[in-house]
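Let's take a walk through this structure together, one stop at a time. Have the sequence and the 3D view open as you read.

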Number of protein chains: 2
Amino acid sequence: MITIYDIAEKAGVSAMTVSRVINNTGRISEATRKRVRKVMEELHYIPNSMARSLVLQKTKILSLLITDITNPFYTTLARGAEDTALRAGYRLLFANSDEDYAKEKDYVDMMLSTRVDGVLFAPTGDHSLENLLQLRKHNIPFVVLDREIPGIDADVVLGDSKEGARKLVEHLIGLGHRRIAMINGSPDVSTARLRYTGYREAHLLNGLTVEDSLVVHMNYRDFHDESALDALIHHEDPPTAIFAANNMLAVGVIQALRKRGMQVPRDVSVVCFDDFGHAEAINPFLTAAAQPAYQFGALGMQLLIERIEGDAALENRKMILPSELLIRSSTQAVQ
Amino acid sequence: MITIYDIAEKAGVSAMTVSRVINNTGRISEATRKRVRKVMEELHYIPNSMARSLVLQKTKILSLLITDITNPFYTTLARGAEDTALRAGYRLLFANSDEDYAKEKDYVDMMLSTRVDGVLFAPTGDHSLENLLQLRKHNIPFVVLDREIPGIDADVVLGDSKEGARKLVEHLIGLGHRRIAMINGSPDVSTARLRYTGYREAHLLNGLTVEDSLVVHMNYRDFHDESALDALIHHEDPPTAIFAANNMLAVGVIQALRKRGMQVPRDVSVVCFDDFGHAEAINPFLTAAAQPAYQFGALGMQLLIERIEGDAALENRKMILPSELLIRSSTQAVQ
DNA sequence: ATCATGTGTGTTATCGATAACTCAAAATTA
DNA sequence: TAATTTTGAGTTATCGATAACACACATGAT
C-alpha cells in the first residue's frame, strides 16, 4: 500500500510536506507542490482514511439507520439522505434494523466503534431510547427520524400521523363506512399511537364511537398474526373497511384477505399510510396517505449536518411534514 | 473517549493486557481477566475500530454497490447480502451508484480510502471495467453482480437474461402477438445485450423476423425519452406488445402510455424483467420474469467472503440464477 | 549593518490498538 | 536441589496520518 512516506521519499521531501500538499495547508512552494502532486499520481496514492480519522478524531462518515430496507418509504428516504450527505462531503453508512431492537443495538455498537460523526436514526420504538442514550453518552450527534421517542430531547423529523390518519378514516366515513377496523403497529411506536388518535378523532368528530375490538396491534414490518384478521372477519358485526397503519401491514392484510376469498375493495375497503413508489405509479391501487419520503431524508440529514458543523448549542428543532391523501381504487362506497 | 489505556490504568495492568482480554489472546490469569472486564464495563469501553484496522491492515467492512436503491430488485438483493455479511461478522457499507458512472467512481474511491476488505459490485455497465481494475490494482477482492464485464476475470453472479427474455417473448407470441417492441437498457450493459439476444431467439425460433425499428435503447433507471415511444406508437405497423428490459423501464412505459390515453393490456400488452416485491403481491399486474433477488445478494456475499477468507488462488466461479415467469394481467391475447 | 518578519520545510509526538519480543516468578522435572 | 519449562504479565515498535513546534534562509525595515 502506498503511503505518504513513499511519496515523500520519491519526491525528496518529508512526509509532512506531502500531507500539506494533500490538505492544502501551510506554505508550500509551487515547485514542490507540483513535484509532490506528480509523484502522487504516478504511484496512484489513495489516502488512508483510518489513519487520518485516528488523528483528526473525526471520520466524515455519517450513518443512516432505517427499520426496513425493503419498504419503499425508507429507500426513498435513503435517497434523500444520501444525496444531502454526499453533497456535504460525507460518506454514508447504511444500517437496517428490520424493526428488531437487538439488530438496532448491534448497529449502534458498530457506529460507536466506527466513530461515525453523526447518525440519522429511525428508531424501532420507544425502547430505542436506550440506544439513543448510548449515542449521547459517547457524544455522537443524532437526528431522530419518523418516530418520536419520549424521554429524549433531540432534533426530530416527523410525519403528521394524526392528521394523516384522520384524513384516511374520514375518507372512509365519507364513503359510508361505519365499522372501520384498524391494523396498527406496536403501541411502543409513537406513529402507531398517533395514528390511533387520528383514527379515534375521525370517529368522534363524525359522531361515531370507537370500538376497541376492531383495533389490532402488530409489528409494522409484517402482518404475521392472521388470527387477528379472522377475529375481525368473524366478528358479530364485521368491519366494512380496514385502516392499515402502514404500507407493509396493508400488503399483509390484503394477501390474507385474498387467501380467505375476500376481495378489495369489493368485500372490504382498505386504506393505509405510506405509498409504494413506482409500483403504485403504474397500477394505482392503494388509497393511501403518502408521506414525502425523500424530504424526510434530505431534511433530516440537513439538520444533522448543521448540528455537527454548526453551533453545538443549537436549540432542538422539530419538523412535522404533512402527508397527502391519494384516493385510489382500494376503497369504494358501502353498498 | 475511553481507550485501553484508561482501562489499563484503572485496572492496574498494562494496555497490552487489556488488549489480550479483549481479543482472548495470550495468557491471562482468571483474576486479572475478570478485573479488566469489570473496569471495561464500568467505563463503557468501546474499541476504536479505526485504530484496530490501522494495525491489523483489515477493516472487517465489506461494501455493496448497487445501481438503484429505489429498485425493489436491488433492495431485496441488499437484504440477502446484509444477512450473509452480518452472520459472518462483517459490517456492510452500502453504496448506490444511480446508474451513474461518475458516482460509481466516487464510491470506489471511498472504498479504497476506507480500505474495505471486499466489494460486492453491481456495475453500471461495461465501462465499469476501469473501476474494477482500480480495485484490483489495490488488491481489494470483489465479486461482480448481475452484469458481466468483458475483460475482467472474477467471481460473478448473474441472472439468466437470455432465457428469461426468451420466455417472456414466447409468452407474448403464444398470445398471438407478432409485432413486439423492446425497450432495452443501454447496449453497454451485458444484461441488455443478452435480453436482446433472447428476444431475437424467441422470434427466430417461432418463425418471426426481428424488426430493429421496434427496438429502443435507454438507461435502465428511467424511461426518460418518451419520443421513442411516440415513434413506436406512430409506426406504420405499430406493436401490439412491449417487452421492457427491466421493471423501471416498464414503469416509465406504462406511465407514458397512459399519458397518451392507451391502456395496458387493452391497447398494448407489457412484459418486463424483475418483479416489484410487495406491491405486486397485493395487486398483481405486471407479467414478469422475476429473478431471485435475495439469493443474488446472499450467494454473491458468500462467494466474496470465501474469496477473502479462503484460498486466494481459488478458481473464478460463475453462477447463473434462473428467473421465473410470472404471468399476470399486463398481457392479454391479441384481439 | 542589525534586527524583525516571512517563507518553506523538517522533526517529534500523537491518535488507539496490536505484534513481537522480553522477563520474572511459579511450577515441574531430573 | 538445580535445571528447565510454563505462566502471566510488561516494553517497545508500528500502522499512516497530522499538529505543534523548530529552524534555516531570504527579505525588508531602521
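Leaving aside its neighbours within four places in sequence, which residues is Lys60(B) in contact with? Keep in mind as you look that this is a predicted model. The partners are Gly89(B), Tyr90(B), Arg91(B) and Asp117(B). To find Lys60(B) itself, go to chain B and look in the loop between helix H4 (49–56) and strand S1 (61–66). Is that spot buried or exposed? Neither quite fits: a residue counts as buried with 20 or more other C-beta atoms within 10 Å and as exposed with 12 or fewer. Lys60(B) has 17 of them, so it ends up partly exposed. For a sense of scale, try jumping from Lys60(B) to Ile320(B): the two are 260 residues apart in sequence, and their C-alpha atoms are 28 Å apart in space.

Now hop over to chain A and its own strand S1, residues 61–66. Here 6 of the 6 residues are buried, so the strand is largely enclosed by the rest of the structure. Its side chains take turns: Ile61(A), Ser63(A) and Leu65(A) point one way, while Leu62(A), Leu64(A) and Ile66(A) point the other way.

What does S1(A) pair with? One partner is S2(A), joined in the parallel sense over 6 bridges. Within that pairing, Ile66(A) has Asn96(A) as its bridge partner. To get from S1(A) to S2(A), the chain passes through H5(A), and this β-α-β crossover is right-handed. S1(A) also pairs with strand S3 (residues 118–121) of chain A, again in the parallel sense, over 4 bridges. There, Ser63(A) stands opposite Val119(A).

Next, step back and see how the two chains meet. Chain A brings 41 residues to the contact, and chain B brings 41 residues as well. On the chain A side, several elements each supply at least two residues, including helix H5 (72–87), strand S2 (91–96) and helix H11 (247–259). By class, the chain A side divides into 20 nonpolar, 15 polar and 6 charged residues.

The last stop is DNA strand D. It has 27 residues around it, and Thr3(A), Ser19(A), Ala51(A), Ser14(B) and Ser29(B) come nearest. Both chains take part: helix H2 (15–23) and H4 of chain A, together with helix H2 (15–23) and H4 of chain B, each supply at least two residues of the surface near the strand. That surface has 15 nonpolar, 10 polar and 2 charged residues.

Notes:
Residues are numbered from 1 along each chain as its sequence is written. Chains are lettered from A and ligands numbered from 1 in the order in which they are written. This is a predicted model: local features need pLDDT of at least 70, side-chain atom pairs count only at pLDDT 80 or more; totals for chains, interfaces and linings use all residues. Two residues are in contact if their C-beta atoms, placed from the backbone, lie within 7 Å. Ala, Val, Leu, Ile, Met, Phe, Trp, Tyr, Cys and Pro count as nonpolar, Asp, Glu, Lys and Arg as charged, and the others, Gly among them, as polar. Two strands pair if DSSP finds at least two bridges between them. A crossover is right-handed if, with the strands pointing away from the viewer, the path from the first strand over the helix to the second runs clockwise. A residue is near a molecule or strand if its C-beta atom, placed from the backbone, lies within 6 Å of it.
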